Structures are given as C-alpha cells and as structure tokens.
Amino acid sequence: MSYEITPTVKGEHVDFKNPNLAFYEAVGGEEGMKKLMYSFYDKIYESDIANFFPQEEDEFEAIKIKNTKFFIQICGGPKVYEGEAGGMELNEFMVRLHDDFSIYEKSRIEWLGTMGEALDELEGVDAALIDDFWNYLENFSKLTVNTFADGSKYYANL
Ligand code: HEM
C-alpha cells in the first residue's frame with residue numbers, strides 16, 4: 001500500500017470523514033482492532049516519537065486500552081470510549097487532548113508512518129477499506145499538529 005501524506009497548512013480548515021464501519025468489521029471487530037492498535041503502539045515505542053509517550057509499563061498499557069476503545073467507537077463500533085470524552089464530540093475531544101503536547105508536522109509524519117506499518121500487517125482486508133481508514137487518519141492528524149517550524153503555536157478547531 002502507498003499511504004499518501006499531504007502537508008498540514010497552518011490555519012487551513014481540515015475536512016475529514018470518520019472511518020467506515022466495514023473497516024472495523026473487516027479487521028475482526030473489537031479483538032481485531034485491539035490487535036491492530038497494540039501492534040501500532042508497540043511500534044510507537046521503537047519510533048522517533050516514543051519520547052512523547054509515558055515510559056512506565058502500566059501507563060503505557062492504559063494508553064493502549066484507551067486508544068483501542070477510541071478507534072472502535074470512531075469506526076462506528078460499540079460506544080466503548082464514550083465515558084472518556086466527558087460528553088464532548090469524540091473528534092473534538094481528541095483534538096483538545098493533543099493540545100497538551102507540542103506536535104510538529106515531523107511528529108505527525110512519524111505517527112502516520114508507524115500506523116502504515118501496523119496496517120501493512122492486516123491480512124484479508126479490502127484495500128479500499130484500508131484506504132478509507134487511512135484518509136481519516138491522514139486528514140484528522142492535521143488537527144493534532146499545533147507547533148510549527150517557526151516555533152509558533154496554532155490550536156485547530158474542527
Ligand atoms: C489521526 C490522528 C490521531 C489520533 C486519532 C490519535 C488518537 C489518540 C488516542 C485515542 C489517544 C489516547 C487518548 C486517551 O488517553 O484517552 C492518544 C493519545 C496520545 N497521542 Fe494521539 N492520535 C493521533 C495523532 C497523534 C500524533 C500525530 C501524535 C504525535 C506525537 C500523537 C501523540 C499522542 C500522545 C502524546 C498521546 C497521549 C499520551 C499520554 O497520555 O501521555 N497523536 N492519541
């Protein structure tokens with residue numbers, strides 16, 4: 001698969017569409033999503049953005065669990081992340097959660113590249129569904145970029 005990445009433009013409105021429920025079903029529902037996201041996070045810890053994440057094992061595990069729940073729900077699966085977002089719309093909550101970290105375009109590219117490696121491990125999932133999932137990630141991740149090469153900050157709104 002070739003995973004295209006288009007640049008984040010500071011202040012530009014970002015259009016995105018939540019992933020397709022068929023992707024969640026094709027990976028194997030809750031268990032399949034868990035496998036995908038645990039593999040992703042294991043790779044994150046070997047990546048150039050490992051320093052963003054807690055190094056302590058229990059905290060690492062907690063993030064894997066929450067991350068898996070988020071992706072289950074954002075694909076249209078069971079609402080297992082609902083309680084974490086405190087009533088906020090899920091994507092909006094996710095953008096605000098990332099405000100606490102100084103995320104550069106370079107960090108986003110590393111994050112996406114790592115996700116691409118995890119997606120490459122999927123077997124028997126229709127390429128069009130992977131593309132659709134990728135499109136969500138590629139676009140949505142622009143909203144997590146909040147720190148720019150000139151050192152300025154910009155916190156995107158949906
Ligand atoms: C499509 C884009 C992204 C999505 C959907 C996403 C999703 C998530 C989710 C679901 C969590 C766990 C939330 C929770 O604690 O309840 C999380 C945490 C986090 N993400 Fe992302 N993320 C994205 C992009 C990025 C990027 C580009 C970075 C760059 C470094 C990043 C860094 C982090 C960090 C540092 C944490 C929290 C770790 C902590 O709590 O200590 N994320 N993200």
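**Exercise 1. Burial and surroundings of Phe52**

Phe52 is partly exposed in this predicted model, with 15 other C-beta atoms within 10 Å. Where in the chain is Phe52 found, and how far in space is Phe52 from Ile103?

*Solution.*
1. Position: the loop between α2 and α3 holds Phe52.
2. Class: a residue is buried with 20 or more other C-beta atoms within 10 Å and exposed with 12 or fewer. Phe52 has 15, so Phe52 is partly exposed.
3. Distance: Phe52 and Ile103 lie 51 residues apart in sequence, and their C-alpha atoms are 9.1 Å apart.
4. Ligand: Phe52 is also one of the residues that come nearest to the ligand.

**Exercise 2. The shell around the ligand**

State which residues come nearest to the ligand, which elements give two or more residues to the shell, and how the shell divides by residue type.

*Solution.*
1. There are 21 residues around the ligand, and Phe52, Lys66, Phe70, Trp111 and Ser141 come nearest.
2. Two or more residues each are given by α3, α4 (90-98), α5 (105-120) and α6 (127-140).
3. The largest share comes from α3, with 4 residues.
4. By type, the shell has 13 nonpolar, 5 polar and 3 charged residues.

**Exercise 3. Ala50 in the loop**

Decide whether Ala50 is buried, exposed or partly exposed, and list its contacts beyond four places in sequence.

*Solution.*
1. Ala50 lies in the loop between α2 and α3.
2. Ala50 has 13 other C-beta atoms within 10 Å and is therefore partly exposed.
3. Leaving aside neighbours within four places in sequence, Ala50 is in contact with Ile44 and Tyr45.
4. Across 61 residues of chain, the C-alpha atoms of Ala50 and Trp111 are separated by 9.8 Å.

**Exercise 4. Packing of α2 against α3**

Describe the geometry of the α2 and α3 pair, then name the residues that make the contact.

*Solution.*
1. Two packed helices are described by the angle between their axes and the distance between the axes.
2. The axes of α2 (residues 29-44) and α3 (residues 57-74) come within 9 Å and cross at roughly 130°.
3. This angle makes α2 oblique to α3.
4. The crossing of α2 past α3 is right-handed.
5. From α2 the contact uses Glu30, Met33, Lys34, Met37, Tyr38 and Tyr41; from α3 it uses Ile63, Lys64, Asn67, Thr68, Phe71 and Ile72.
6. These contact residues divide into 7 nonpolar, 2 polar and 3 charged.

**Exercise 5. Packing of α2 against α5**

At what angle do α2 and α5 pack, and what hand has their crossing?

*Solution.*
1. The angle is about 135°, and the axes are 9 Å apart.
2. Angles over 145 degrees would count as roughly antiparallel. At about 135°, α2 is oblique to α5.
3. The crossing of α2 and α5 is right-handed.
4. Leu36, Ser39, Phe40, Lys43 and Ile44 of α2 meet Thr114, Met115, Glu117 and Ala118 of α5.
5. The contact of α2 with α5 comprises 5 nonpolar, 2 polar and 2 charged residues.

**Exercise 6. Glu61 and Asn146**

Assign a burial class to Glu61 and to Asn146, and place each residue in the chain.

*Solution.*
1. Glu61 belongs to helix α3. Its 13 C-beta neighbours inside 10 Å make Glu61 partly exposed.
2. Glu61 and Gly116 are 55 residues apart along the chain, with 21 Å between their C-alpha atoms.
3. Asn146 sits in the segment after α6. Asn146 counts as buried because 20 C-beta neighbours lie inside 10 Å.
4. Not counting residues up to four places away in sequence, Asn146 touches His98, Asp99, Ser102, Ile103, Lys153, Tyr154 and Tyr155.
5. Asn146 and Lys10, 136 residues apart in sequence, are 8.4 Å apart from C-alpha to C-alpha.

How values were computed:
Residues are numbered from 1 along each chain as its sequence is written. This is a predicted model: local features need pLDDT of at least 70, side-chain atom pairs count only at pLDDT 80 or more; totals for chains, interfaces and linings use all residues. Axes are lines fitted to C-alpha atoms, for helices over the stretch in contact, and angles run from 0 to 180 degrees between N-to-C directions. Angles under 35 degrees count as roughly parallel, over 145 as roughly antiparallel, 65 to 115 as roughly perpendicular and the rest as oblique. A crossing is left-handed if the near helix is turned anticlockwise from the far one by less than a right angle, and right-handed if clockwise. Two residues are in contact if their C-beta atoms, placed from the backbone, lie within 7 Å. Ala, Val, Leu, Ile, Met, Phe, Trp, Tyr, Cys and Pro count as nonpolar, Asp, Glu, Lys and Arg as charged, and the others, Gly among them, as polar. A residue is near a molecule or strand if its C-beta atom, placed from the backbone, lies within 6 Å of it.
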